[in-house]
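Here's a quick walk through a single protein chain, with an eye on its strands and charged side chains. Have the viewer open as you read.

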Amino acid sequence: TYLFGIAKFDFTYYYISTVNQVVDITIPISSGYDRKRLNAGEIENQGIEAVLGLRPVEAANFSWELEFNYSRNRNKLISVGEGLDRYPISSFGRNTSIIAGVGQPCFGIYGYKHAIVEDENSPHYGRELYTEGGAPVPTTEPEYLGNANPDWQLGVGNRLRYKGLSL
């Protein structure tokens with residue numbers, strides 16, 4: 001319902017803990033299988049969603065409604081399952097993976113960075129290492145690169161009505 005016929009506002013805060021996620025874990029191939037499906041884990045989600053609607057034009061045969069939707073979600077993996085501290089979600093080639101780790105936001109992006117000179121006495125301290133062929137030397141272990149979840153989202157919608165026609 002529009003306030004004074006021109007504006008409406010809706011706001012929602014949510015916090016939910018979801019348990020018993022369906023996860024596939026890899027197991028030794030010597031078992032005769034390559035993975036095992038479990039109902040395990042807990043994910044915590046919290047966020048806000050706000051909607052602002054405006055009706056800038058209202059006439060006998062024409063109206064225009066404008067709506068903005070803002071949302072922000074934060075999640076965290078509380079547990080995966082017995083004996084597990086992370087869960088691989090997907091990978092991109094050999095170098096980059098999306099992983100959910102306990103205590104971390106879901107959908108963390110992990111990959112290899114360029115190795116740097118760590119010897120503080122070296123004149124090249126802090127610089128990237130390169131092979132003799134000029135290719136960057138990768139780190140030995142994957143590192144956290146960022147998160148696949150957006151910080152926030154914003155949507156805009158329009159509705160135009162003319163007589164019996166609506167877009």
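Is Leu52 buried, partly exposed or exposed? Leu52 is partly exposed, because its relative accessible area is 34%. That residue sits in strand β2 (residues 35–58), and it helps make a nonpolar surface patch of about 580 Å² together with Phe9, Phe11, Tyr13 and Tyr15. Strand β1 (residues 7–26) supplies the largest share of that patch, four residues.

Before going further, keep in mind that this is a predicted model. The protein chain has a mean pLDDT of 88, with 99% of its residues at 70 or more. Of its elements, strand β8 (residues 153–162) has the highest mean pLDDT at 96, while strand β4 (residues 86–92) has the lowest at 79.

**The open sheet**

Five strands make up an open sheet with antiparallel pairing, in the order β1-β2-β3-β8-β9. β1 and β9 (165–166) are the edge strands: each has a single partner strand, so one side of each lacks a neighbour in the sheet. Further in, β3 and β8 run antiparallel and are joined by 10 bridges. As one example of the register, Trp64 has Leu160 in β8 as its bridge partner.

**The two hairpins**

Now for β4, which runs antiparallel to strand β5 (residues 96–101), with six bridges between them. Phe92 has Thr96 in β5 as its bridge partner. Their hairpin leaves three residues between the strands, and Gly93 there has a positive phi near 70°.

β5 also pairs with strand β6 (residues 108–111), again antiparallel, this time over four bridges. Here Ser97 is matched with Tyr110 in β6. The hairpin of β5 and β6 has six residues between the strands, and Gly103 takes a positive phi near 85°.

**The charged side chains**

Which residue in strand β3 (residues 62–79) is worth a close look? Try Glu65, found in that strand. Glu65 counts as buried because its relative accessible area is just 11%, under the 20% cut-off. The side chain of Glu65 makes a polar contact of 3.3 Å with that of Arg55.

In total, the structure holds six salt bridges. Here are three of them, with the N to O distances:

| Salt bridge | Distance |
|---|---|
| Lys8 with Glu67 | 3.4 Å |
| Glu65 with Arg159 | 3.8 Å |
| Arg161 with Glu65 | 3.8 Å |

Lys8 and Glu67 form a salt bridge that links distant parts of the chain, with Lys8 in strand β1 and Glu67 in strand β3, 59 residues apart. Both partners are partly exposed: Lys8 has a relative accessible area of 29%, and Glu67 has 33%.

The salt bridge of Glu65 and Arg159 also reaches across the sequence, from strand β3 to strand β8, with 94 residues separating the pair. At 38% relative accessibility, Arg159 counts as partly exposed. Glu65 meets Arg161 in a salt bridge as well; Arg161 lies in strand β8 and Glu65 in strand β3, 96 residues apart. Arg161 is partly exposed too, with a relative accessible area of 33%.

Step back from the single pairs and a network appears: salt bridges with shared partners join Arg55, Glu58, Glu65, Arg159 and Arg161.

Terms used: Residues numbered from 1 in each chain as written. Predicted model: local features only at pLDDT ≥ 70, side-chain atom pairs only at ≥ 80, totals over all residues. Heavy atoms only, no water. pLDDT = per-residue confidence, 0-100. Patch = residues over 30% accessible without salt bridge, like charges linked within 9 Å, V, L, I, M, F, W, Y side chains within 5 Å. Areas by Shrake-Rupley, 256 points an atom, 1.4 Å probe, with all protein chains shown as cover. Salt bridge = Lys/Arg side-chain N within 4 Å of Asp/Glu carboxyl O. Buried < 20%, exposed > 50% of the residue type's maximum accessible area, 1.4 Å probe, protein only. Pairing = 2+ DSSP bridges. Polar contact = N/O pair within 3.5 Å; in protein donor to acceptor, adjacent residues only side chain to side chain.
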